[in-house]
Structure formats: C-alpha cells, structure tokens
Amino acid sequence: MALSGLDIFKLLPKTNCGECKLPTCLAFAMKLAGGQAKLEECPYVSDEAKEALSEAAAPPVRGVVVGQGAREFKTGEELVLFRHEKRFVNPTGMGVMITTDMSDDEIAAKVEEANKDSWERVGQQLELKLLAVKCTGDPGKFKDLLTRVAGMTELALMPMADNADCLKAAVEVVGDRNPLLYCATPENIDAVGAIAKEAGSPLVLKAEGLDALAELSEKATGMELKDLILDPGTRNLKDTMEALVAMRRAALNQKFKPFGFPIITLPCEETDDSYFEAASAGVYVAKYSDIVVCSEPAAWMQYPLQVEIQNIYTDPQKPMAVDSKFYEIGSPGKDSPVMVTTNFSLTYFIVSGEVEASKVDAWLGIVDSEGQSVLTAWAAGKFVPDVIAKFINTSGIADKVDHRKLIIPGYVAQISGELDEELPDWEIMVGPREAADISTYLRNYVQAG
Ligand code: SF4
C-alpha cells in the first residue's frame, strides 16, 4: 500500500529548511504522496527513511527505458487514468514489426521507411520508437536478420521469439543496445528471466488471462527482474481493451503491484486488415497501451497515430506555445511586411504556413501571450496595445526594416487606435480575420507598394 502524506511526514527531518523549494516538510510530504515531488529533492532524508519511502516515491507504473543512445525511449510512469487529472507522462512508443519469413526486399523497405518515420508538428518531433524483429521459425535466420537490422537502424529493437535459445542468440547480437526482449511466458520464465537478468535488458511478460499474468509478474519480480513490460496475451480488440483498462485501473487505483508496469499491445497480430489494425492501435493509444506495435511503417498508418499521441500527452492545462520573437518567413528584407500575432503554437503554425504559401517574404512577430490564441489573449489582457508596443520596441525589428507599417490580426481591429498611440512612429494596419485570407492580403500589400 502507498504511504499517506502524514506517514511520509513522520519520516522526514521536520526542520522546514526549505531546500526542497517548499516551505515545510509537511508540504513536501503531501506533494511526494501525490507524485508531484521527487524524494531526491530533499537532501536530508536518512537512508532508513529512504528505504521506507521508496514505495511512496515510486510511480505506480514503473518507468522502463528501452533502447540506447539517441533513440532510447522511456515508457510508463503514468500516475492517472484521465488526462484532465494530470498530464500523462511518457508518450506511447510506436513500433513496427518485421519477421524472418519476409523477403529481404520487404525487410529493407520496411526498415528504411521506419527510419524515416519522423515528423515535425507544432514544434515537436514525432517519431517511431521501436523495431520488433520476430522469429517465425529458423533461429539461425533470426540471428542473421537481427545482425543485419542492427546495422540498418538506430531504432530501439525488440527481438521476438518464443524460446529461450533464440532470445539468448538475440542478446549475443544486440545485447549492447538494451533491447526489449519478447517474451517470457509461464512456461519459459526461468530460462528467459535468467537471460534478461544477465543481459540487464527489459523484458516483456506474456500470459493468457490476467490472473496468469499477475502470477507471472510476481514470479519475475521474485527473480529480481525490475524492468518489465506486460502483454495481456489477448489478440482481439474487445478482450485487449478490457485487459488494458482492468490492468491500469488495478495499478493506479488499487496499487496492485503485479500490474504496476507499462503495457504493450500488438494490433499487427490481431488482424490482417490494416485499416482495422490502425483503428485498433488508435484505441490502444487512448487507453492505456505504453507501446503499440503495428505492421506498417507507412505514414498513412503512423502519422495519424503520432498526432493522436501528441494530443493525448500534451498538458491540457498548459497551452502549447512557441518562443516570443520575430520569425523570418522566407528571406525578408528592409521592405518586407511586418506582422504580429500571439504565441499559441497552432496560431503560429497556421499563420506562418499561410504566409509561406503566399510566397511573400515577411517578418512574423510572435508576442508572448502565454500560449493563448488571438481573441482569448486579447480578452485576457495578454495581446493588448501596451504589450504589443513593448514587444515591438524591444524586438529590434525597427532596425531590420525601412518602413514603419505593422499588420495586426483582423480579430483585434478594435485595438488599432490605442496601438497607434502606443507606437506613434508606426502605421497600424488591420490584417484579415481569417488565416486563409492572409495570402491575398499580403499579395495586395506588395502590389500596393
Ligand atoms: S528539504 Fe527536506 S528537511 Fe528541508 S523542508 Fe524540504 S523536506 Fe523538510
């Protein structure tokens, strides 16, 4: 059972020194109990107290690192069932499977496409994380394939085999890349658990039915295996969905330790219909799969899932924002138009996209509006004449252009008079209300000279 805030408080030094950046030890204890503080933030916790507190300090779902180097990723550490309670922590890691019975050309094409699966969206890089390599028969072929694939990609690897000898061979080939070994079952846990323990690799546990999986998880932790990931063994949407919800509820609500690990799903093994597979993957991303392995690296399948992950794992209480500064769209010069808008990411990316599409080089000024869109920021007093004037006066834009014309969004036309007074050297021009009209507006602006 997790300790309460008061239980934790009893174990703290009670000096209220404030070094943890909280005013009292009680405040720190409450935050620790709620998973909002880390034990290391108090430098004065005794070793005995540390041991007693480690349970309370650990997230109910263990964090597990897979892979190594630039492409390693962390999964798990989730604290809540719903994103409105608190931000989800580690975004779902998407993977793609290749198998030993695929042709060399098919494997090469899939690995090449998986390597390219990386998209920038609203200032974040969305990437595929994992390449699963499955042995469908010949262990020699499996070892050769793993060797070849390891040379073709830096993605984290998941060797998949149902016998210990194949996984032992996998560790010989890619053990230095912290592979995710798949999988230990009730039948092979002794042998496969020993391989994972010796290699120090994370390990997937798979069993048919949640009771068997809980038992397997207890056995694995009894072998002092810590970095575990759970596969409920179900291979259809309804059963997998039920298992995901039951496991995560048990881990978070009942603090049921055997299920306190990240979960993996393999929709690629549930159906031959790739559209249904993509839809199932979307469901598993939403609840509560920490790793999802699909058959296709193709963008039509991966990109929508990455966008879903990005939307779910951003902090709903914190709008996404870009840095406040002047951005060069194209190659703007001394005569190029000067525009301003707010620093809400979507506003920036939509406006900059429309300016780019207009083929008119421009200076786009992004005012710090705490990540709010134009009208919301105006209503909240974050995109108002004195704030915009201060931004213009401190941005250095006056040295970059010869003219003094400033285009503001049409939605805040009402501030143009007051902004005129704040920026007496500038002519305030009201731009279009809708981003879709920016292109026409800028072309007319250039033609009018
Ligand atoms: S740093 Fe430790 S001792 Fe100091 S106030 Fe925080 S919890 Fe208490």
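Strand β15 is covered on both faces: Ala362, Leu364 and Ile366 are buried on one side, and Trp363, Gly365 and Val367 are buried on the other. I should say at once that this is a predicted model. In a regular strand the side chains alternate between the two faces of the sheet. For β15, which runs over residues 362-367, 6 of the 6 residues are buried, so the strand is largely enclosed by the rest of the structure.

Which strands pair with β15? One is β13, which runs antiparallel to β15 and is joined to it over 4 bridges. Within that pairing, Tyr327 has Leu364 as its bridge partner in β15. Another is β14, which pairs with β15 in the parallel sense, over 5 bridges. Here Val338 stands opposite Trp363. The two parallel strands also belong to a β-α-β unit: β14, helix α12 (residues 345-358) and β15 form such a unit, and its hand is right-handed.

Let me stay with β13 and β14 for a moment, and turn to the loop between them. Lys334 is located in that loop, between β13 (326-329) and β14 (338-342). Is Lys334 buried or exposed? Lys334 has 9 other C-beta atoms within 10 Å, and is therefore exposed, the limit for that class being 12 or fewer. Setting aside neighbours within four places in sequence, Lys334 still makes contact with Val401 and Asp402. Ile428, by comparison, is 94 residues from Lys334 along the chain, and their C-alpha atoms are separated by 18 Å.

I now move to a second β-α-β unit. β9, helix α8 (residues 210-222) and β10 make a unit that is right-handed. The strands β9 (residues 203-206) and β10 pair in the parallel sense over 4 bridges, and the bridge partner of Val204 in β10 is Ile229. How are the side chains of β10 arranged? Leu228 and Leu230 point one way from the strand, Ile229 and Asp231 point the other way, and all of these residues are buried. Asp231 is thus listed among the buried residues of β10.

With these elements described, the overall layout can be set out. The protein chain is divided into domain 1 (5-57), domain 2 (64-313) and domain 3 (326-448). The C-alpha centres of domain 2 and domain 3 lie 46 Å apart. The chain has 17 helices and 17 strands, and its C-alpha trace spans about 80 × 65 × 35 Å along the principal axes. Buried residues account for 40% of the 449 residues. Among contacts between residues at least 6 apart in sequence, 65% join residues at least 24 apart.

Finally, I come to the ligand and to Tyr44. Which residues come nearest to the ligand? Of the 13 residues around the ligand, the nearest are Cys17, Cys20, Cys25, Phe28 and Cys42. Sorted by class, the shell holds 9 nonpolar, 3 polar and 1 charged residues.

Tyr44 is found in the loop between α2 (25-33) and α3 (47-57). With 13 other C-beta atoms within 10 Å, Tyr44 is partly exposed. Tyr44 and Glu112 are 68 residues apart in sequence, and the distance between their C-alpha atoms is 51 Å.

To close, I return to the strand with which I began: β15 pairs with β13 in the antiparallel sense and with β14 in the parallel sense, and both of its faces are covered.

Key: Residues are numbered from 1 along each chain as its sequence is written. This is a predicted model: local features need pLDDT of at least 70, side-chain atom pairs count only at pLDDT 80 or more; totals for chains, interfaces and linings use all residues. Domain bounds come from an automatic or database domain assignment. A residue is buried if 20 or more other C-beta atoms lie within 10 Å of its own, exposed if 12 or fewer, and partly exposed in between; C-beta atoms are placed from the backbone. Two residues are in contact if their C-beta atoms, placed from the backbone, lie within 7 Å. Two strands pair if DSSP finds at least two bridges between them. A crossover is right-handed if, with the strands pointing away from the viewer, the path from the first strand over the helix to the second runs clockwise. A residue is near a molecule or strand if its C-beta atom, placed from the backbone, lies within 6 Å of it. Ala, Val, Leu, Ile, Met, Phe, Trp, Tyr, Cys and Pro count as nonpolar, Asp, Glu, Lys and Arg as charged, and the others, Gly among them, as polar.
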